[in-house]
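Reader: Before I accept the terms used for this model, could you take me through the reasoning behind each of them?

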Amino acid sequence: MPQDHPHPVELLVCTSCRAGQPVTEGQPVPGAALHAALMAQEPMDGVKITAVECLSNCARGCTVALRGGPARWTYVYGNLSEATDAAMVHQGAAQYRDTADGLVPWRERPVHFRKNCIARIPPIPEVDHV
């Protein structure tokens, strides 16, 4: 069950990722296929799935990022398979959503997330305006 949090979670999915594969005319690239597979999953309360053009992680695609407002850490994960990883990404996004700060205990994260974290970005500190 998600905790009350003033900022919803956003799962960004790189839809231009080719995952190092040649593109077949008329076929979706792997990133677009991953996005479609995620959209086909049961919707998650408090998580918005957003297609983005490029997360600049081309050598380690397919790539997603999880973010959730100024109090949460942001994570970028790569080396995802469009054919097999949608359910695992869905699970990881739900775990992330259920935290106040984005810090899912390492051993509780999906194994793929543990081994394929591209970046962990700290929250933006709130600035007091004087």
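**Cavity linings and Thr63**

Author: Strand E4 (74-77) and helix H2 (86-97) each give at least two residues to the lining of the largest cavity, strands (E, at least two residues) and helices (H or I, at least four) being DSSP runs numbered from the N terminus. The model is a predicted one, in which local features need pLDDT of at least 70 and side-chain atom pairs pLDDT 80 or more, while totals for chains, interfaces and linings use all residues. Residues are numbered from 1 along each chain as its sequence is written, and side-chain values use heavy atoms, without hydrogens or water.

Reader: Which element supplies the largest share of that lining?

Author: Helix H2 does, with three residues; the full lining of the largest cavity is Leu66, Tyr75, Tyr77, Gly92, Gln95, Tyr96, Gly102, Val104, Arg109, Pro110 and Phe113. Each has an atom within 4 Å of a point of the cavity, a set of points on a 1 Å grid where a 1.4 Å probe fits but cannot get out.

Reader: Which residues line the second largest cavity?

Author: They are Cys14, Cys17, Cys54, Leu55, Ser56, Asn57, Cys58 and Thr63.

Reader: Why is Thr63 called buried?

Author: Its relative accessible area is 2%, and buried means under 20% (1.4 Å probe, protein chains only), so Thr63 is buried. Thr63 sits in the loop between strand E2 (47-52) and strand E3 (64-67).

Reader: What joins the side chains of Thr63 and Asn57?

Author: A polar contact of 2.9 Å joins them, the term requiring N or O atoms within 3.5 Å, one able to donate a hydrogen and the other to accept it.

Technical notes:
1 Å grid on protein atoms, 1.4 Å probe; cavity = no way out; pocket = protein on both sides within 12 Å on 5 of 7 lines; lining within 4 Å. Buried < 20%, exposed > 50% of the residue type's maximum accessible area, 1.4 Å probe, protein only.
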